[in-house]
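Trainee: I am new to this one and would like to walk through it with you. Could you show me the sequence and the model?

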Amino acid sequence: MRRMTVMLALLLAAACAPPDRPYVPGGAPAPATGDTATRPAPTSSQSKTVEVGDALKVKVEKGTTSNALQRLFADYYVERWKAVETGDNQYLRHLEAPLIPQAGEWVRGFADRKESARGVARLYRLRITSVMGKGAQVDTCVDERGVRLVSTPTGKAVAPQPDWVRAPYLQAVLAHRGDDGVWRIREFRQDKEGCS
């Protein structure tokens with residue numbers, strides 16, 4: 001019963017959030033819908049491109065705020081790709097202990113398969129969906145259509161490419177604020193809907 005009450009509260013909070021200006025791939029201006037027509041059009045100053053490695057970049061489009069909770073997934077995402085490219089394990093600091101083995105397995109999989117990535121990934125519509133006490137949900141749209149997995153020995157594209165590079169997806173992060181005041185990721189949820 002308690003779990004159902006929490007989920008209902010999260011859904012209600014999500015329904016009350018103001019709509020975001022839709023992302024349009026290719027940089028075309030997004031059509032104005034609802035009350036978003038009064039918002040200014042996105043400009044390049046509203047995004048940040050982070051070089052993850054020699055051939056991989058992540059473009060992070062800023063949301064309405066820039067607090068640590070909203071940046072949580074973006075910081076984790078960038079640092080996770082850096083781990084694939086350089087072996088750095090800073091990405092683990094964004095996770096609660098139970099998620100660390102799963103995340104490490106994902107990163108090690110690239111080394112085991114002798115694969116890397118190149119291109120540009122995009123994170124957009126970063127938004128805090130709800131906050132309840134020490135728990136929160138942060139949603140981010142992830143577009144990895146500009147990313148290609150490549151063989152590290154040859155530099156050639158891996159065939160076939162994985163499904164996750166075919167269409168944008170919604171990445172929901174359930175976060176928990178520890179006694180040290182730091183937000184960490186407790187759970188990941190993905191959905192194919194919500195970011196097209």
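Trainee: Is Glu 79 buried or exposed, and what is its relative accessible area?
Mentor: Happy to help! First, this is a predicted model, where local features need pLDDT of at least 70, side-chain atom pairs count only at pLDDT 80 or more, and totals for chains, interfaces and linings use all residues. Residues are numbered from 1 along each chain as its sequence is written, and side-chain values use heavy atoms, with hydrogens and water left out. Buried means under 20% relative accessible area, exposed over 50%, and partly exposed in between (1.4 Å probe, protein chains only). Glu 79 therefore counts as buried, with a relative accessible area of 14%.

Trainee: Which residue forms a salt bridge with Glu 79?
Mentor: A salt bridge puts a side-chain nitrogen of Lys or Arg within 4 Å of a carboxyl oxygen of Asp or Glu. Here the closest N and O atoms are 2.6 Å apart, and the partner of Glu 79 is Arg 93.

Trainee: Glu 79 and Arg 93 form a salt bridge, so which parts does the pair tie together?
Mentor: Helices (H or I, at least four residues) and strands (E, at least two) are DSSP runs, numbered from the N terminus. The pair ties together parts 14 residues apart in sequence, because Glu 79 lies in helix H2 and Arg 93 in the loop between H2 and H3.

Trainee: How far apart in sequence are the parts tied together by Arg 186 and Glu 96?
Mentor: The side chains of Arg 186 and Glu 96 meet in a salt bridge, at 2.9 Å from N to O. Arg 186 lies in strand S7 and Glu 96 in the loop between H2 and H3, so the parts they tie together are separated in sequence by 90 residues.

Trainee: Which element gives the most to the largest nonpolar core?
Mentor: A nonpolar core is a set of buried Ala, Val, Leu, Ile, Met, Phe, Trp, Tyr and Cys residues joined through side-chain atoms within 4.5 Å. The largest one has 35 residues, and Trp 81 and Ile 185 are among those with the most contacts inside it. With 10 residues, the element that gives the most is H2.

Trainee: Which two residues form a disulfide?
Mentor: A disulfide is a pair of cysteine sulfur atoms within 2.5 Å, and the structure holds 1. The sulfur atoms are 2.0 Å apart, and the residues are Cys 141 and Cys 195.
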